[in-house]
Amino acid sequence: MAPVSPPAAKPVERRAGVKAATNSPVKPNRRSEETIANILKATEEVVLMSGADRISILDVCQVAGVSRGTFYRYFASQEDLLDTFSRHKRESFHSSLSQELGHITDPEARLNALFAYLDNYLEQSRARRLLVVAPDYALGFFRRIFHDSIVRFQDGLGIVFDDWDERLGVRLDRELICEMIIRYVLSEILVPEAAGRRLFPVRVKKLLGALIMGSTSRTRR
């Protein structure tokens, strides 16, 4: 779902235990981190061109500018590559979101920053293209990122929820609210707003208002 801006250290840590054909371990270093980042970036380009089912390791190597021998130093197979690519995309989305929100201490400003991040994600993401060329892979990716995102959003909006709970005098259903925000974002990928996304922040705020009112009513009954 997320545009590629690879945090290369993650794949390196994960691939560091993979052994090459000579059974010697691949040691993490800057060069190997850059190689893995290039391979993952090339993977996205190839998947968007030909789909996940027909992805060719040779095509990935050509786009990344590496040899097959170099490729197999880090990835055991096509399946291993796609699995690593999927995890990388999830971590890239969540780590960039955390960096975007982490320094903001004002609750309202943090909420607005979340809306801006999601709006930019929808603008830059090529997830809609992925749905066309690799629908099964795309839907599988959305399923895998969905529950993780609920947890990450609760963490990122912690000070926002604390502020709301204090002002309303109740504890809101944080999991439900975050789930509905994520479902709304996914719906924008599947069925984009006809008038464009200029109303995205307004619509999400209305959704939050309805959820908060519903949570408050259930709590007080």
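In which helix does arginine 174 lie? In this predicted model, arginine 174 belongs to helix H10, which spans residues 174-190. The residue has a relative accessible area of 12% and is therefore buried, the cut-off being under 20%. Beyond its neighbours within four places in sequence, arginine 174 is in contact with Gln154, Gly158, Phe161, Asp162 and Asp165.

A second region to consider is helix H3, comprising residues 57-64. At the start of H3, a side-chain oxygen of serine 56 comes to within 3.2 Å of the backbone nitrogen of leucine 58. Within the helix, the buried residues are Ile57, Val60, Cys61 and Ala64. Viewed down the axis of H3, these buried residues fall within an arc of 100 degrees, so they line one face of the helix. The general geometry is relevant here: an α-helix has 3.6 residues a turn, so residues three or four places apart point the same way. The buried residues of H3 pack against helix H2 (30-50), helix H4 (68-74) and H5. Just after H3, glycine 65 adopts a positive phi of about 75 degrees.

Helix H5 leads on to another pairing. The axes of H5 (residues 78-101) and helix H6 (residues 107-124) come within 10 Å and cross at roughly 145 degrees, and this crossing is right-handed. On the H5 side, Phe93, Ser96, Leu97, Glu100 and Leu101 take part, meeting Arg110, Ala113, Leu114, Tyr117, Leu118 and Tyr121 of H6. Classified by residue type, the contact of H5 with H6 has eight nonpolar, one polar and two charged residues.

Definitions and conventions. Residues are numbered from 1 along each chain as its sequence is written. This is a predicted model: local features need pLDDT of at least 70, side-chain atom pairs count only at pLDDT 80 or more; totals for chains, interfaces and linings use all residues. Side-chain values use heavy atoms; hydrogens and water are left out. Axes are lines fitted to C-alpha atoms, for helices over the stretch in contact, and angles run from 0 to 180 degrees between N-to-C directions. Helices (H or I, at least four residues) and strands (E, at least two) are DSSP runs, numbered from the N terminus. A crossing is left-handed if the near helix is turned anticlockwise from the far one by less than a right angle, and right-handed if clockwise. Contact means heavy atoms within 4.5 Å. Ala, Val, Leu, Ile, Met, Phe, Trp, Tyr, Cys and Pro count as nonpolar, Asp, Glu, Lys and Arg as charged, and the others, Gly among them, as polar. Buried means under 20% relative accessible area, exposed over 50%, partly exposed in between (1.4 Å probe, protein chains only). The arc is that of the directions from the helix axis to the C-beta atoms. A polar contact is a pair of N or O atoms within 3.5 Å; within protein, one must be able to donate a hydrogen and the other to accept it, and residues adjacent in sequence count only if both atoms are side-chain atoms.
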